[in-house]
Amino acid sequence: MAEKLNAVKGMNDILPPESARWEWLEATVREQMGRFAYRNVRTPILEHTALFVRGIGEVTDIVEKEMYAFEDRSDKHGQAEHLAMRPENTAGLVRAVIEHNMLYDGPRRLWYTGPMFRREKPQRGRYRQFHQIGAEALGFAGPDVDAELILLASALWKAIGLTDVRLELNSLGQPAERALHRAQLIAHFEQHADKLDEDGKRRLHSNPLRILDTKNPAMKDVVESAPKLSEFLGAESIAHFEGLQAILQANGIAYTINPRLVRGLDYYNLTVFEFVTDRLGAQGTVCGGGRYDGLIEQIGGKPAPAVGWAMGVERVLDLLKEQGSDIPAPAPDAYAVVPDATSMPQVLRTLQQLREAGVRVQMHGATAEGLASFKSQMKKADNSGATYALIFGADELARGEVTLKALRDRSGAQIARPLAEVATWAATLQSPAPNT
């Protein structure tokens with residue numbers, strides 16, 4: 001017997017009935033994105049490694065430790081491309097916008113969904129293959145679109161019934177303001193170098209903002225006493241942040257300002273935000289976003305403003321499960337019970353007519369042991385969640401009929417319908433009960 005092969009640790013199969021929850025979430029997201037006029041973009045899973053080195057940063061944990069990157073096979077000239085499996089999708093989306101000159105006729109509102117990959121220790125809410133949904137608005141400079149993206153996320157939480165998430169905001173100001181803050185931050189941490197952990201010491205000169213985001217409780221005091229970026233913001237940055245808050249307040253969106261909410265990359269500026277929860281342990285960020293006006297130029301495009309967010313699909317579904325949300329399970333409208341295999345040609349013809357009329361029908365198929373008994377098939381029909389059983393018995397077929405048996409009410413009503421007139425009664429299978 002061949003050796004049994006399992007999935008790579010941290011890369012999970014999504015199987016029924018769990019996959020139905022994913023389909024439901026994706027359908028709800030698609031609906032909300034349409035309401036806000038965001039259009040879908042699908043980018044490759046593999047990109048040139050240089051895209052993420054340039055777009056995320058060479059000294060980030062993602063690039064240094066977590067990214068799946070490799071040298072592809074050489075071509076006939078001995079040249080080989082260095083490729084990476086995308087660890088996030090903003091850089092890939094921006095690359096696509098630049099490559100296809102998508103901003104030539106004005107700003108764009110775009111969204112994406114798909115798998116991302118990071119090599120890290122798998123744990124709840126953090127997997128090697130994980131899935132994100134993101135929304136990005138490119139070419140818009142004002143706080144109104146920052147607010148729109150937050151309103152979009154809030155509308156999504158309402159649509160899926162997600163509770164227990166809170167919004168945190170901050171402003172990172174502009175590069176010159178951040179440079180002044182960075183210098184003061186480095187000076188502060190140098191004075192308290194003995195209290196920094198290894199990550200903090202490593203980031204001190206390359207990425208000091210990320211020290212503020214530490215989860216190490218031993219560094220809490222030195223982080224709390226560090227200079228705040230808000231103290232370095234100029235009038236325009238303050239006006240942008242106040243404009244965002246005014247729109248959120250007008251729409252009844254509650255938030256708190258978190259001065260320690262940061263992004264460690266230089267292309268981020270002005271607005272940053274996160275929707276967070278306390279219900280998933282350390283993996284508390286459900287959705288994170290911000291303005292990244294410098295990224296398009298950094299990747300090679302003409303300078304243009306941009307803002308966006310990304311949410312973790314697994315975390316959202318975990319949170320819905322944690323709060324006990326009742327997510328609709330898919331079920332067929334009808335289940336075909338077929339006692340005799342010789343009737344299959346006629347049965348399948350009828351089922352195809354029903355499907356063409358929009359009815360969801362599941363047929364009881366034969367296994368290696370043949371067709372199950374009538375009683376067993378009726379049990380399967382009931383367990384399928386179908387509203388009706390379609391009974392194709394010998395007596396019914398001899399009369400040119402099929403019996404519709406109600407499965408979801410106590411009456412168990414049985415009604416005969418003519419096979420020659422499927423189009424006239426097909427729609428009744430999608431109703432609470434058939435008309436007699």
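Before the views, one term: a residue is buried when its relative accessible area is under 20%, exposed when that area is over 50%, and partly exposed in between (1.4 Å probe, protein chains only). This is a predicted model, in which local features need pLDDT of at least 70 and side-chain atom pairs count only at pLDDT 80 or more, while totals for chains, interfaces and linings use all residues. Residues are numbered from 1 along each chain as its sequence is written, and side-chain values use heavy atoms, with hydrogens and water left out.

**View 1. The whole chain, with its 15 helices and 16 strands.** Helices (H or I, at least four residues) and strands (E, at least two) are DSSP runs, numbered from the N terminus. The C-alpha trace spans about 90 × 60 × 50 Å along its principal axes. Its radius of gyration is 28 Å, whereas a compact globule of 436 residues would come out near 22 Å; the radius is taken over C-alpha atoms, and the globule rule is 2.2 Å times the number of residues to the power 0.38. Buried residues account for 48% of the 436.

**View 2. How sure the predictor is, from helix H3 to strand E1.** The score here is pLDDT, the predictor's confidence in each residue, from 0 to 100. The protein averages 91, and 97% of its residues score at least 70. Confidence is lowest in helix H3 (residues 61-66), with a mean of 75, and highest in strand E1 (residues 39-40), at 98.

**View 3. Leu320 and its surroundings in helix H11.** Helix H11 covers residues 313-322, and Leu320 is buried there because its relative accessible area is 0%. What does Leu320 touch, apart from its neighbours within four places in sequence? Contact means heavy atoms within 4.5 Å, and the list is Arg21, Trp24, Ile160, Gly161, Leu162, Ser325 and Ile327. Take Leu162 from that list: Leu162 and Leu320 are 158 residues apart in sequence, yet their C-alpha atoms are 6.2 Å apart in space. Across the protein, 69% of the contacts with a separation of 6 or more join residues 24 or more positions apart.

**View 4. Gln32 in helix H1.** Gln32 has a relative accessibility of 6%, so it counts as buried. Leaving out neighbours within four places in sequence, Gln32 is in contact with Leu152, Ala155, Leu156 and Ala159.

**View 5. A cis peptide bond from Pro16 to Pro17.** Most residues other than glycine have a negative phi, and most peptide bonds are trans. The bond from Pro16 to Pro17 is cis, with omega near 5°. Pro17 sits in the segment before helix H1 (18-35).

**View 6. Asp164, a residue with positive phi.** Phi of Asp164 is near 65°. Where is Asp164? Look in the loop between helix H5 (143-160) and strand E7 (166-171). Asp164 is partly exposed, because its relative accessible area is 47%.

**View 7. Leu270, with positive phi in a residue other than glycine.** Phi of Leu270 is near 55°, and Leu270 belongs to strand E9 (residues 269-276). Is Leu270 buried or exposed? Leu270 counts as buried, because its relative accessibility is 4%.
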